[in-house]
Amino acid sequence: MRKLVLFLHASLDGFVEGPNGEMDIGWVSYDADLEKHAKDILSTADTVIWGRGTYQMMYSYWPSVPSNPSASQHELNHAEWIEKTAKIVFSTTLEKVEWNNSRLVTEDVEEEIKNLKQQPGKDMVILGSPRLAHYLMQLDLIDEYKITVSPVLIGSGLPLFQGLKEKINLKLIENKTFDSGAIGLVYQTVR
């Protein structure tokens with residue numbers, strides 16, 4: 001069975017977005033080590049799960065990267081990966097998605113995720129989309145939490161965890177410390 005993996009960057013004080021709701025997370029300690037870590041995580045997935053806001057933000061940027069002469073090799077590699085990867089967008093307000101290999105789901109989120117888990121393939125990764133992640137946490141559908149924690153306190157914003165009504169037991173299966181001071185944590189849901 002495929003796993004649903006949450007991959008997010010968080011501040012040490014537990015926020016995934018800044019105080020003004022900005023999706024630009026310039027406070028993440030992103031360096032070559034974290035690039036490699038992200039690449040390793042994404043290499044285990046063949047499907048990206050997004051909510052509306054993250055899909056729109058990603059679609060406004062990544063398709064233009066291959067023609068950008070100042071794009072780094074890391075950006076070019078990621079743009080190529082994301083172009084080929086299946087993208088499933090959960091939204092009740094979008095009418096269509098236009099990016100290559102994208103599919104829109106407008107209802108029955110829980111049933112859709114359960115069906116996707118039964119299909120053959122690699123893992124599915126929630127890449128960003130913290131509000132969708134909160135909802136999927138409440139439904140206990142996330143199998144692994146891959147969180148990088150940056151050594152910064154931002155004071156306020158959107159918390160990594162929000163709205164949980166039931167306890168979710170987790171088992172630490174991996175941790176890494178990066179030269180930047182960031183920490184990579186991998187927790188598996190214990191059911």
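Let's start with Lys 176: its relative accessibility is 30%, so it counts as partly exposed, since that label covers values between 20% and 50%. Keep in mind that you're looking at a predicted model. The side chain of Lys 176 meets that of Glu 174 in a salt bridge, with N and O 3.6 Å apart. What about the partner? Glu 174 has 34% relative accessibility, so it is partly exposed as well.

Why would two side chains like these get together? Side chains of opposite charge can pair when their charged atoms come close. In this model the count of salt bridges comes to 14, so there are others to look at.

Now jump to Lys 3, whose side chain meets that of Glu 144 in a salt bridge, 2.9 Å from N to O. Find both on the chain: Lys 3 sits in the segment before β1, while Glu 144 belongs to strand β7 (residues 144–150), so this pair ties together parts that are 141 residues apart in sequence. How accessible is each of them? Lys 3 is partly exposed, at 28% relative accessible area, whereas Glu 144 is down at 3% and counts as buried. These two don't stand alone, either: Lys 3, Asp 123, Glu 144 and Lys 146 are linked in a network of salt bridges.

Step back along the chain to Asp 143, and you'll find a salt bridge to Lys 117, with the closest N and O atoms 2.9 Å apart. This pair also links distant parts of the chain: Asp 143 is in the loop between α5 and β7, Lys 117 is in helix α4, and 26 residues separate them. Are these two buried or exposed? Both Asp 143 and Lys 117 are buried.

Lys 117 brings us to helix α4 itself, which covers residues 109–118. Its buried residues are Val 109, Glu 112, Ile 113, Leu 116 and Lys 117. Look down the axis of α4 and you'll see why they belong together: the buried residues fall within an arc of 135°, so they line one face of the helix. And what do these buried residues pack against? Their neighbours are the strands β1 (4–11), β3 (45–51), β4 (86–90), β5 (102–105) and β6 (123–127), plus helix α5 (130–138).

Let's finish in one of those strands, β1, which is home to His 9. With a relative accessibility of 14%, His 9 counts as buried. Its side chain joins that of Thr 148 through a polar contact of 2.3 Å.

Technical notes. Residues numbered from 1 in each chain as written. Predicted model: local features only at pLDDT ≥ 70, side-chain atom pairs only at ≥ 80, totals over all residues. Heavy atoms only, no water. Buried < 20%, exposed > 50% of the residue type's maximum accessible area, 1.4 Å probe, protein only. Helix = DSSP H or I, 4+ residues; strand = E, 2+ residues; numbered from the N terminus. Arc of directions from axis to C-beta. Contact = heavy atoms within 4.5 Å. Salt bridge = Lys/Arg side-chain N within 4 Å of Asp/Glu carboxyl O. Polar contact = N/O pair within 3.5 Å; in protein donor to acceptor, adjacent residues only side chain to side chain.
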